[in-house]
Amino acid sequence: MYSIVSTAIIRGINSLPVQVEADVSDGMPMFEMVGFLASEVKEARERVRAALRNSGYYLPAKRITVNLSPANIKKTGSAFDLPVAAAILAALGILPSERLASLLIVGEIGLNGKVQPVEGILPIVAEAKGHGFTQCMVPYENRKEASFIQDMPIIPVKSITEMIDILNGKECVPENIKPSAQKEKNKQKIEETGEKKELDFSQIHGQRLVRRASEVAAAGMHNLLMIGPPGAGKTMIAQRIPTILPPMCLEEQLELARIYSVSGMLLHDDDRICRRPFRSPHHTITPQGLVGGGAVPKPGEVSLAHKGVLFLDELAEFQKSTLELLRQPLEDKKIQIVRLHGSCSYPADFMLVAATNPCPCGAYPDMNRCRCTQNAIDRYLGRISQPLLDRIDLCVETSQLTFAELTSVSKNESSACIRARVCRAWELQKERYAHSGIYFNSQIPADRLKEICMLTEKEEKYLKNMYQQSNLTARSYHKILRVARTIADLSNSNQVDINHLAEAFCYRSLDRKYWERR
């Protein structure tokens with residue numbers, strides 16, 4: 001007998017439908033699986049055989065052939081176990097074939113017949129309706145993750161026996177978790193409230209310039225670099241930048257959930273997508289860990305920080321070759337990973353926040369305290385290339401706090417106050433770039449800068465002088481205009497004036513203090 005069961009495989013943060021065909025016929029007893037399979041998929045043969053036996057179902061002494069099509073796509077992962085078992089049971093007449101026609105099945109099984117959770121459930125369920133399915137059968141432990149997709153009925157199962165009873169109508173479908181919209185809002189509110197209590201800009205003393213630069217960066221999703229001695233508060237400020245970013249909308253949450261789902265990070269912590277991500281990898285991270293990759297491609301830190309903040313502390317301690325990999329995703333807002341058997345694309349629309357010491361000991365340019373030689377300073381700063389610096393919109397210096405600033409009892413501005421201004425700036429950008437594919441000032445194409453910034457002759461002359469005197473690159477020139485547009489938005493000004501340009505230029509001039517002389 002012949003049967004067919006539908007499942008899916010992950011490609012990037014999307015899914016592709018896969019058909020599991022099973023044929024049980026007379027002949028030499030054997031169990032064979034074909035269809036361009038990875039080793040873990042081939043091992044499903046033994047897992048399925050043992051799981052069925054321990055569930056009370058013995059395979060007959062017949063020729064059993066299972067094919068996973070299309071055969072030109074390599075099948076990886078352990079999520080094929082349950083559909084393979086279902087296809088064999090249907091071919092043996094134990095499951096009704098008509099019940100499987102519009103059902104998508106995903107899951108791993110243990111030798112005792114229990115269904116185990118798998119990675120990447122959310123994108124599979126999200127695209128099931130578009131592939132013509134009306135229901136999805138998933139492991140019970142993946143039910144919360146799958147329930148993010150509101151318009152697709154979910155059948156969570158704990159074992160092969162439960163799957164057989166449900167499909168034969170002997171057992172009711174377990175109640176699926178469908179959180180209401182209000183519950184999601186409350187959960188998001190609770191998360192934000194909890195985050196504010198722990199991290200808030202009101203805890204930052206002094207550093208007025210850095211606080212202002214952080215607000216400008218958040219208002220336009222610009223990249224930010226902080227330079228200063230150890231203990232000046234660079235890490236504290238970076239950790240609080242997500243608290244001044246507006247909450248994520250449902251569309252952003254679902255896109256982020258797809259990334260975390262295929263990474264296997266959503267299974268036990270589905271609340272993480274209710275707040276903007278903050279990723280802070282160690283400087284020893286590998287290139288694959290930063291941008292993604294591996295034999296079976298997985299998202300890297302640049303994708304896990306999507307719609308949030310990627311913080312690189314001790315920037316000059318990272319391997320230079322690793323840092324250079326950031327240049328392409330900073331421009332394209334996505335990362336393309338190409339492997340022998342295909343390619344996949346992951347979104348990487350993040351705000352880069354970096355912090356570094358000015359030298360190995362951290363005291364430069366105070367030569368009374370700095371113990372580093374000039375060559376050591378040059379080698380240290382030389383790990384950060386000029387092309388990477390050109391992709392950073394704001395560069396600001398953090399100074400050592402005075403005793404008066406450190407012990408001040410005056411109340412500092414809270415994250416809520418700063419976020420209110422950032423939200424207004426975001427609303428202005430949303431109205432300005434409606435239906436244009438642009439979301440923030442940092443994404444303005446070079447050919448539209450003149451139209452959007454609308455400089456008068458006075459501002460044009462000022463900008464021309466800055467360009468010639470400072471020997472700016474074209475990319476730096478464009479970034480000054482984008483930052484100036486954000487500063488104007490924070491001032492509720494339709495026109496970009498000289499004050500806005502001057503402030504934006506100050507954020508670009510500091511890097512010359514440390515790098516231009518080299």
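**Helix H22 and the nonpolar cores**

Just after helix H22, Asn492 adopts a positive phi of about 55° in this predicted model. The helix itself covers residues 474–490, and its length makes a neat check: at 1.5 Å a residue, its 17 residues should span 24 Å, and the end C-alpha atoms lie 25 Å apart, which agrees. H22 is also largely enclosed by the rest of the structure, because 13 of its 17 residues are buried.

Zooming out, the protein contains 23 helices and 18 strands, and its C-alpha atoms fill a box of roughly 85 × 50 × 45 Å along the principal axes. Of the 518 residues, 52% count as buried. Among contacts between residues at least 6 apart in sequence, 73% join residues at least 24 apart.

The interior holds a nicely traceable pattern. In soluble globular proteins, nonpolar side chains tend to be buried together. Here, the largest nonpolar core has 68 residues, and the members touching the most others are Val125, Leu225, Val302, Leu312, Leu326 and Phe350. Helix H11 (residues 250–262) gives this core its largest share, five residues. Leaving aside residues up to four places away in sequence, Phe350 touches Val302 and Leu326, and its further contacts include Asn223, Pro329 and Lys333. A second, separate core comprises 50 residues, among them Phe201, Ile237, Leu245 and Met351.

Turning to the surface, the protein exposes about 23000 Å², of which carbon and sulfur atoms supply 51%. As for charge, there are 66 positive and 59 negative side chains, and the centres of the two sets lie 2 Å apart.

Conventions. Residues numbered from 1 in each chain as written. Predicted model: local features only at pLDDT ≥ 70, side-chain atom pairs only at ≥ 80, totals over all residues. Heavy atoms only, no water. Helix = DSSP H or I, 4+ residues; strand = E, 2+ residues; numbered from the N terminus. Expected span 1.5 Å × (residues − 1). Buried < 20%, exposed > 50% of the residue type's maximum accessible area, 1.4 Å probe, protein only. Core = buried A, V, L, I, M, F, W, Y, C linked by side-chain atoms within 4.5 Å. Contact = heavy atoms within 4.5 Å. Areas by Shrake-Rupley, 256 points an atom, 1.4 Å probe, with all protein chains shown as cover. Lys, Arg positive; Asp, Glu negative; His and termini not counted. Charge placed at Lys NZ, Arg CZ, Asp CG, Glu CD.
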